[in-house]
Amino acid sequence: MTNPTAAYEVVITILYKRTPDFKFDMEYFLQKHIPSCEKAWASHGLLGATVTEAAADSAYTVINSIRFKTLEGWQNATSDTEQIGLLMADIANFTNQTPEFVVGTVVKGGMFGTS
């Protein structure tokens, strides 16, 4: 189901699990990795990203949500083996964890309390 009022159709949530030996270089992630994703995926419909530091009692430490115009755009972005290979290899530059990806289609967009 696509919501015509949503500016985007797909949200990919990328989760980094909290472990005793967890390491994450937020500066590298924000200054290098996120811009690399933008450069690689803008032509596939990447609209933006939100990076969240989870609460200390959460099972996760960092939550990255990226938005695409369409599911097909996300699928095309991840089918580009050269670009996805470079981006996945870059993960070792900012964390010692393997991220978990959750792909979802927007059912309702916008803010609560608005039409």
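Start by selecting strand S1 (10-17), helix H1 (26-41), strand S3 (60-68) and helix H3 (81-90): each gives at least two residues to the lining of the largest cavity. Helices here are DSSP runs of H or I with at least four residues, strands are runs of E with at least two, and both are numbered from the N terminus.

Before going on, a word on what is on screen. This is a predicted model, in which local features need pLDDT of at least 70 and side-chain atom pairs count only at pLDDT 80 or more, while totals for chains, interfaces and linings use all residues. Residues are numbered from 1 along each chain as its sequence is written, and side-chain values use heavy atoms, with hydrogens and water left out.

**Stop 1: the cavity**

Stay with the lining. The structure has 1 cavity of 30 Å³ or more, and the volume of the largest is about 130 Å³. A cavity is a set of points on a 1 Å grid over the protein atoms alone where a 1.4 Å probe fits but cannot get out, and lining residues have an atom within 4 Å of a point. Points are joined across faces, edges and corners, and the volume is the space filled by probe spheres set on them.

Now show Ile14, His33, Cys37, Trp41 and Phe101 as sticks; of the 15 lining residues, these lie nearest the centre of the largest cavity. H1 supplies the largest share of the lining, 5 residues. Colour the lining by type and you get 13 nonpolar, 2 polar and no charged residues. In that scheme Ala, Val, Leu, Ile, Met, Phe, Trp, Tyr, Cys and Pro are nonpolar, Asp, Glu, Lys and Arg are charged, and the others, Gly among them, are polar.

**Stop 2: Asn64**

Next, pick asparagine 64 in strand S3. Is asparagine 64 buried or exposed? It counts as buried because its relative accessibility is 3%. The cut-offs are under 20% relative accessible area for buried, over 50% for exposed and partly exposed in between, with a 1.4 Å probe and protein chains only. Not counting residues up to four places away in sequence, asparagine 64 touches Ile12, Thr13, Ile14, Phe29, Ile34, Ala49, Thr50 and Val51; a contact here means heavy atoms within 4.5 Å.

**Stop 3: the S2-S3 hairpin**

Follow S3 back to strand S2 (residues 46-53), its antiparallel partner over 7 bridges. Strands count as paired if DSSP finds at least two bridges between them. A hairpin with 6 residues makes the link from S2 to S3. Label threonine 52 and you will find isoleucine 63 of S3 opposite.

**Stop 4: Val11**

Hop over to valine 11 in strand S1. Valine 11 counts as partly exposed, because its relative accessibility is 23%. Outside the neighbours within four places in sequence, its contacts are Ser65, Ile66, Arg67, Val102, Val103, Gly104 and Val106.

**Stop 5: helix H2**

Select residues 71-79, helix H2, where Gly73, Trp74 and Ala77 are the buried ones. They sit on the same side of H2 because they cover an arc of only 100° around the axis, taken from the directions from the helix axis to the C-beta atoms. Turn to the face away from that buried side and you meet the exposed Glu72 and Ser79. Among the elements covering the buried residues are S1, H1, S3 and strand S4 (100-105).

**Last stop: zoom out**

The chain has 3 helices and 4 strands, running β-α-β-β-α-α-β from the N terminus. Of its 115 residues, 37% count as buried.

Methods. 1 Å grid on protein atoms, 1.4 Å probe; cavity = no way out; pocket = protein on both sides within 12 Å on 5 of 7 lines; lining within 4 Å.
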